[in-house]
Amino acid sequence: MAFFWYNTQIMKWTKSLIQTLRENPGDAEIDSHKLLIRAGLARKVAGGLYSYLPLGMRVLRKIQQIVREEMDRAGALEIVSPILQPAELWRTTGRWDTMGPNMFKLRDRGEHEFALGPTAEEVFTDLAKGLVSSYRQLPVTIYQIQWKFRDETRPRFGLMRSKEFLMKDAYSFDADAEGADKSYWNMYHAYERIYGRCGLKAVAVQADGGDMGDSLTHEFHVLADAGEDGIAFCEGCGYAANLEKAERRCPAAGDKAEGSGFAEVHTPNAKTIEEVAAFMGLPADAFVKSLVYVADGTPVMVCVPGDRDVNDVKLKRFLGAKAVGLADFGTVLRVTGANAGFVGPVGPADASLRIVADASLRGATGRIVGANKDDFHLRDVDLARDTKIGEADFSDLVVVKAGDVCPKCGKPMVIKRGIEVGQVFKLGTKYSAAFNAVYKNDKLEEHVMIMGCYGVGVSRTLQAVIEQSHDANGIIWPASVAPYMVVIENLDPSNAEVTKVADGLEAELEAAGIDVLVDDREERPGVKFKDADLIGFPVRVVVGAKGLANGGVEVKRRADDKSKTVIAPVADAAAAVRAALG
Ligand code: ATP
Ligand code: MG
């Protein structure tokens, strides 16, 4: 039977507003960003702001649907809360002042302050406080899929880091720690299913707890060279951690002396470790790199081996500071007596300056350090003898590198790049205590609820799929999130018989729950195939007068090359498509 005009499942290319582009957008640095725009999935409105076009919207909806189904399966309850969030809620936790410039703030006509929600812990904690009174209602997890806003320093990579993005955020509320643990792993496993169903190979890695201290948290990463995060992996035991968090088994410091004794060395114009090392003919790890930081307003010197970088996140945690950053030139000169490049831990100008050092420098001798005097270094320095760095000033402060030893099993680690598509987080009582979000136990005593929060970057996930699954010709969508699972190339739209076969197959597949786009454009086959490959429909069916005369239609998977094309008689075409979809 014929389909009615209002059946929205029937879609012809000429009515679809699909527009592919030949040129890469000028601001696109990574493949998935280029393909997102060229395939006509989204269009830039302004930096970090995108409109999702019909094809992109279909993908977004499919990802949302997977997220929704897995949240529901995990027992979470869907709600939606306002994007516009009153300042009072943020003031309750103090985050109105600590969120920093990433939070969009605005006022209404009555001068009341609001934020465009960058996340929603406050809103959900307040909500749970109002809805939950008894232990009988716990545990409970509430979620939403809602637009989030962040005034990112550098919005880039298309949907990967945008100012407005779609996030699924969930918040769990439990009566006790054991329950909170269960809720955490429940969400963790739901995330594994979500990314798996989106066709993504995602890995869970340990991450830094940020303000939450050593709280348990995992990030889910899609491995890709274009990823913004570095991740340390141990192929021996499976240890995986974001570089912000990754630890290493600390090597012994040892003695690097070249036997010439403690002395000042004139090192004119040699500022960087590389320059001084070349000048003195010594390896970089014979040097101590000394940097002046400012932690919550107080200068502190940080010493690491010459061939290592300071990990600001570890430093911040070790110092218990809210913020750390490199000191300006004036401060460096004032506290050390020298300009950057000649700074060192032996007798800085400000004798009260705190000096901390990486654990691998514990007991280090025979080192070269800046002399706190321009154009001079000191050689054969014994950190214990010559500096005031005490036992409590050593900690793991460096960024892990490839080849560093796994803290768990002792095997060497490798570093890969990843795109963070989600994060699960044990929050404890930070938010519930601030809101006094309590429940009554069976003895009617009040206790603060224990929370977890869980985010999926829905729009970032869309682009991560592209980043992980494309080739030189375009995107290769997994069927589960493809804008359409099948494209039918009608090569002779003006030929009634060909069109009848194409449209008949479309109807048959749609009836079987397979979404189909019919390319009914009067274009050369080459143009049509190129577009189909660029957009990346998982299966392409070619219907043409010549083919029909020769026995049927062509069915080909996007991921396969031409040699795997199947010729199916019209009667078997739907079955061949289903087989190709797998
Ligand atoms: P990032 O470290 O990449 O800035 P985040 O850790 O600050 O992200 P969360 O607060 O954990 O982000 O948010 C949950 C998820 O939302 C992230 O895992 C990520 O997938 C997504 N996300 C965060 N910021 C953006 C953004 N600016 N654009 C698109 N997606 C984002
Ligand atoms: Mg995160």
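Student: Let's start with the sheet that contains β27. In what order do its strands run, and is the pairing mixed or not?

Tutor: Happy to start there, and keep in mind that this is a predicted model. To read a sheet, follow its strands from one edge to the other. Here, 5 strands form an open sheet in the order β28-β27-β29-β30-β31, with mixed pairing. The edge strands, β28 (516–519) and β31 (566–568), each pair on one side only. From one strand to the next, the twist averages 25°.

Student: Which helix packs on that sheet, touching β27, β28 and β29?

Tutor: That is helix α14 (residues 525–535), whose direction makes about 175° with that of β27. Another helix, α16, lies across β27, β29, β30 (553–557) and β31, and runs at about 10° to β30.

Student: Zooming in on one strand pair, in what sense do β27 and β28 pair?

Tutor: Look at the direction of the two strands and then at their bridges. Strand β27 (residues 486–490) pairs with β28 in the parallel sense over 4 bridges. One residue pair to find is V486 with its bridge partner V516 in β28.

Student: Now the helices. At what angle do α13 and α16 pack?

Tutor: For a helix pair, read the angle together with the distance between the axes. Helix α13 (residues 496–511) and helix α16 (residues 573–581) pack at about 55°, their axes 10 Å apart. That angle makes α13 oblique to α16. The crossing of α13 past α16 is right-handed.

Student: Which residues meet there?

Tutor: From α13, L505, E508 and L509 meet A573, A574 and V577 of α16. Sorted by class, this contact has 5 nonpolar residues, no polar ones and 1 charged.

Student: And how many salt bridges does the structure hold?

Tutor: There are 40 salt bridges in the structure. One to look at joins the side chains of D503 and K12, at 3.5 Å from N to O. D503 lies in helix α13 and K12 in the segment before α1 (31–38), so this pair ties together parts that are 491 residues apart in sequence.

Student: Last one: how many strands are in the sheet with β13, β19 and β18?

Tutor: That open sheet has 3 strands in the order β13-β19-β18, and the pairing is antiparallel. β13 (263–266) and β18 (367–370) each have a single partner strand, so one side of each is left without a neighbour in the sheet. The twist averages 35° from one strand to the next. Between β13 and β19 (residues 376–381) there are 4 bridges in the antiparallel sense, and A263 stands opposite R379 in β19.

Note on methods: Residues are numbered from 1 along each chain as its sequence is written. Chains are lettered from A and ligands numbered from 1 in the order in which they are written. This is a predicted model: local features need pLDDT of at least 70, side-chain atom pairs count only at pLDDT 80 or more; totals for chains, interfaces and linings use all residues. Side-chain values use heavy atoms; hydrogens and water are left out. Two strands pair if DSSP finds at least two bridges between them. Axes are lines fitted to C-alpha atoms, for helices over the stretch in contact, and angles run from 0 to 180 degrees between N-to-C directions. Angles under 35 degrees count as roughly parallel, over 145 as roughly antiparallel, 65 to 115 as roughly perpendicular and the rest as oblique. A crossing is left-handed if the near helix is turned anticlockwise from the far one by less than a right angle, and right-handed if clockwise. Contact means heavy atoms within 4.5 Å. Ala, Val, Leu, Ile, Met, Phe, Trp, Tyr, Cys and Pro count as nonpolar, Asp, Glu, Lys and Arg as charged, and the others, Gly among them, as polar. A salt bridge is a side-chain nitrogen of Lys or Arg within 4 Å of a carboxyl oxygen of Asp or Glu.
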